[in-house]
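Thanks, everyone; please bring up the sequence and the structure on your screens, and I will take you through two side chains and then a pocket.

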Amino acid sequence: TKNLEKLAQVDQFGQYNDIWGYVDRSGQEYAILGTRTGTAIYLLTDPRNPQLVKVIPGANSIWRDIKSRGDFIYVVADQGADGIVAIDMSKAPTTITAQFYNPIAATGVNPGPITKCHNLWIDEKGYLYLSGCNVQAGGVVIFDIFTQPGVPTYVGAADARYSHDNFVRGDTLWSADINSGLFSVTD
């Protein structure tokens, strides 16, 4: 491989399923790793020596997805009943807290509390888009995380077709509706 140098490697949890980068208010960098049993947060002050600063235990799951906005990291798992995990990084690295939410999604198809999701995306406006959840037949459900950061509030849903992954830019939602064999675009 050209122009790449491995600085470090950690293997404290044996199995990993996602990674996300985060920079706190002071400019400190973190690696956020989805593990089989939760979310691990590593401080990267010295990238050659990542320091585990917090583990947020969660449901036993082979898949977690992680994204961030502002002072919060959001995590979902596609097994168990963790719902939406909001990790508050505003006082990191000394104090990192997490809140597990199971907000009601008043969708048109199998409405109820969010317990599990496969994937998530956060757009530039501060909407959280969840794919492959236990509601709306797995179709994309949308939450506001900008009005009250760290507290997801249901605002709507796309079609009731299982979405494996989604991406939103501006006012357009792209979804990989794999069980239907479709790629959908929603305004």
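Which backbone oxygen lies 3.5 Å from a polar atom of the side chain of Asn-119? Before I answer, let me say that what you are looking at is a predicted model. The backbone oxygen in question belongs to His-164, and His-164 also appears among the residues that Asn-119 touches, together with Asp-65, Lys-67, Val-76, Tyr-129, Leu-130, Ser-131 and Asp-165, if we leave aside residues up to four places away in sequence. Asn-119 itself lies in strand 11, which covers residues 119-122, and Asn-119 counts as buried because its relative accessible area is 6%, with the cut-off for buried being under 20%.

The second side chain is that of Ser-61, which is found in a loop, the one between strand 4 (51-57) and strand 5 (64-69). Ser-61 has a relative accessibility of 0%, and therefore counts as buried. A polar atom of the Ser-61 side chain lies 3.0 Å from the backbone oxygen of Trp-63, and, again not counting residues up to four places away in sequence, Ser-61 touches Asn-17, Thr-35, Arg-36, Ala-77, Asp-78 and Gln-79.

Finally, the pocket. The largest pocket has a volume of about 200 Å³, and its lining includes Leu-7, Ala-8, Val-10, Ile-19, Tyr-42 and Pro-50. How many residues of that lining are nonpolar, polar and charged? The lining divides into ten nonpolar residues, one polar residue and no charged residue; the polar one is Gln-9.

Technical notes:
Residues numbered from 1 in each chain as written. Predicted model: local features only at pLDDT ≥ 70, side-chain atom pairs only at ≥ 80, totals over all residues. Heavy atoms only, no water. 1 Å grid on protein atoms, 1.4 Å probe; cavity = no way out; pocket = protein on both sides within 12 Å on 5 of 7 lines; lining within 4 Å. Points joined across faces, edges and corners; volume = space filled by probe spheres on them. Helix = DSSP H or I, 4+ residues; strand = E, 2+ residues; numbered from the N terminus. Buried < 20%, exposed > 50% of the residue type's maximum accessible area, 1.4 Å probe, protein only. Polar contact = N/O pair within 3.5 Å; in protein donor to acceptor, adjacent residues only side chain to side chain. Contact = heavy atoms within 4.5 Å.
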